[in-house]
Amino acid sequence: MDADRLMALLYGELDAGDAERERAAVAESPEQAAELEGFERVRSLFRELPDEEPPPRISAQLLAEAARSAPAPRKAVAASREDGFWARLVSWLSPVQHPGFAAAASVVLVAGLAGVLYLRKGDTLQEAGRAPEAPPAESAAATGTATDEAPLPPAPAADPAVVAGQADLEGAAGEAQDRSRVTSADAKAVSKGGKTMPSKEKSLDLDDDVFAKKKREAKPAASSKKPDTLRGGTVYGLSEQEMMPGDAAGGSGGAPAANQAPPEPAPAPPQASTPTPAPSTKPSTKARPPTATELHARAVDAALDKRCSDVRTIGAEIRSIDPEYYKAKFAGDKRLKACLEVPSQYPARK
Amino acid sequence: MSTARGGSWMQHEGEADEVLMVAYQKGDVRSFEILLTRHRKPVFNFILRFVGSRETAEDLLQETFLRVIKGAEAYQRQAKFTTWLYTIARNLCVDQSRRAKHRKAQSLDAPMNSSAESGTLLDVLPSGEMASDRLAGNKQLHLKLHEALGRLSEEQREVFLMREFLDMPFKDIADVIGVPENTVKSRMRYALEKLRLELDEYKDMAKAMP
């Protein structure tokens, strides 16, 4: 009998019919029967070999790392970074998809356009009776005043292009297109000595401010999440030395080890390898990392929503950034007790 | 154990490995904990019996699951979790063996690690509540089994460990190792033949076993 059939028979990987035939063939051959019997004896001896238990500290370290590196929160950020411009734009604007934000943005947009129309109508009337003035924006810039505060530039009277642009603005559709039309219309006015860009920039700035504000509001949701270890200098966002088992964690065994004293392989460096804590670069666009108190509040919300997995994840995060706070306040919070209680770990399994 | 916590544990406990892995992909750390609890012991013993050193096995065990954590985002539900897990563990063992050039079973008198307080392989083996003579006999047998395993080639040893201790089908072993299934069975047969010769003196003991 070849090895293929013999091993399949020995380990029960033949169907009933084939197994019956092979056993009959073995029974007719003393050599094969002896061989099979010998293999069975070997197997029975090795069944006596007991399994050994790995040290509990390894599990505690792995659970801490798993909590720190949970894939889902990073996925949206990574995807937005890896995709193209439109994907990033969509991710920035995702909060705007909320009806409330969309309504607010619409109101601001309409108000801004209406303001532009009103002002330009007034300019049109004034332009009819006087010569173009010096570009007010230049003087404003020279004195250091903000563009928003620059006086309104003159506009040509009864310019058909301007009138068409105004009509488009009143339609309030395709704001970028309207902007370009207004800009091109105003370019004709510029040729007469006036500089109309500041007013358009004013309206543009208003719209840009809306999106910039939305971007800033959207940023904390991404930046406060767990750091993207894949973008760090090392594979796990930690140096391999930091993740190797060490004796500093202590040999606390048994069930409570994972939750009470998970040895943090890297108390400080994770922040160094992640982009989140970077106040020196762009403080206006990036939110600071959440404090233990803030995280505690989130955990309470999660506990009320019965999202115990989130509670434990947040707990691990608090424990990593402020172990004293964790011990003093978080672990003893009765509102979180139901989620933090750990059953006897490592149930007997074979 | 609170109802909520226990309910969550019980809800996940019976779920398949692949389901738990997908849940961890979505941020459920509890699912990973169940996977770890479920597989850490068999993976550890596989590695231990492969490399023959407890200290090394502990390091490789941690490395194996760290790679699972790292690769969680890329894990696809269609892939069998155990196949993936043991592919990682096996590759780490092979790399370790190549580094250490370790092909023989450890001597009875050789310490497990460099620490003077560490014991020998005899001290590491677990012992239950039994008579001292039987205990000594069992320990002797266990040592002999470890030695016999150590004398197998790596190719034979890994196949034997996966089939015999992990109850992994030959097809899955072939996927892990990356060789055809009939090659796996051939290696298994050679391993069993070699072990049969090594352990011939225990055949009477084996006959008395179920």
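The following paragraphs describe the fold of chain A, one helix of chain B, and the aromatic and charged side-chain pairs within and between the chains of this predicted model.

Chain A contains 18 helices and no strands. Of its 350 residues, 39% count as buried, and the accessible surface of the chain comes to about 18,600 Å², with carbon and sulfur atoms contributing 57% of that area. Among the contacts in chain A with a separation of 6 or more, 72% are accounted for by residues 24 or more positions apart.

In chain B, helix α9 spans residues 170–177 and is mostly covered, six of its eight residues being buried. The buried positions in α9(B) are Phe170(B), Asp172(B), Ile173(B), Ala174(B), Val176(B) and Ile177(B). Their packing partners come from both chains: α1 (3–10) of chain A on one hand, and α5 (81–100), α8 (154–164) and α10 (181–198) of chain B on the other. Just after this helix, Gly178(B) adopts a positive phi of about 90°.

One of the buried residues of α9(B) also takes part in a salt bridge, since Asp172(B) pairs with Lys80(B) at a closest N to O distance of 2.7 Å. This pair links distant parts of the chain, with Lys80(B) in the loop between α4 (54–70) and α5 of chain B and Asp172(B) in helix α9 of chain B, 92 residues apart. With a relative accessible area of 9%, Asp172(B) is buried, whereas Lys80(B), at 41% relative accessibility, is partly exposed.

Aromatic pairs number 11 over all chains. In one of them, the ring centres of Phe46(A) and Phe165(B) lie 6.2 Å apart and the ring planes meet at 85°, so the arrangement is edge-to-face. This pair crosses between chains, running from Phe46(A) in helix α3 (residues 30–46) of chain A to Phe165(B) in the loop between α8 and α9 of chain B. The two partners are covered to unequal degrees: Phe46(A) is buried, with a relative accessible area of 1%, while Phe165(B) is partly exposed, with a relative accessible area of 24%. A second edge-to-face pair is formed by Phe81(B) and Trp84(B), at 6.0 Å centre to centre and with 75° between the planes. Both Phe81(B) and Trp84(B) belong to helix α5 of chain B, where they are three residues apart, about one turn of the helix. Here Phe81(B) counts as buried at 1% relative accessibility, and Trp84(B) counts as partly exposed at 21% relative accessibility, because the limit for a buried residue is under 20%.

The aromatic contact between the chains extends further, in that Phe46(A), Phe160(B) and Phe165(B) form one aromatic cluster. The ring of Phe165(B) additionally meets a charged group, for the charged end of Arg49(B) sits over this ring at 4.1 Å from its centre. A further case of a charge over an aromatic face is found in chain B, where Arg157(B) lies over Phe50(B) at 5.5 Å from the ring centre.

Salt bridges number 30 over all chains. Arg49(B), whose charged end sits over the ring of Phe165(B), also forms a salt bridge with Asp51(A), the closest N and O atoms being 3.0 Å apart. Asp51(A) is placed in the loop between α3 and α4 (56–68) of chain A and Arg49(B) in helix α3 (residues 29–51) of chain B, so this pair joins two chains. Arg49(B) counts as buried at 6% relative accessibility, whereas Asp51(A) counts as partly exposed at 25%.

Within chain B, the side chains of Glu147(B) and Arg151(B) meet in a salt bridge with an N to O distance of 3.8 Å. Both residues lie in helix α7 (residues 132–151) of chain B and are four residues apart, about one turn of the helix. Glu147(B) is buried, with a relative accessible area of 18%, and Arg151(B) is partly exposed, with a relative accessible area of 39%. Elsewhere, Glu52(A), Arg57(A), Arg54(B) and Glu58(B) are joined into one network by salt bridges that share partners.

Terms used. Residues are numbered from 1 along each chain as its sequence is written. Chains are lettered from A and ligands numbered from 1 in the order in which they are written. This is a predicted model: local features need pLDDT of at least 70, side-chain atom pairs count only at pLDDT 80 or more; totals for chains, interfaces and linings use all residues. Side-chain values use heavy atoms; hydrogens and water are left out. Buried means under 20% relative accessible area, exposed over 50%, partly exposed in between (1.4 Å probe, protein chains only). Contact means heavy atoms within 4.5 Å. Accessible areas come from the Shrake-Rupley method with a 1.4 Å probe; for residues, only the protein chains shown count as cover. Rings of Phe, Tyr and Trp (its six-membered ring) pair if their centres lie within 6.5 Å; planes under 30 degrees apart count as stacked, over 60 as edge-to-face and the rest as tilted. A charge sits over a ring if NZ of Lys or CZ of Arg is within 6 Å of the ring centre and within 35 degrees of the ring normal. A salt bridge is a side-chain nitrogen of Lys or Arg within 4 Å of a carboxyl oxygen of Asp or Glu.
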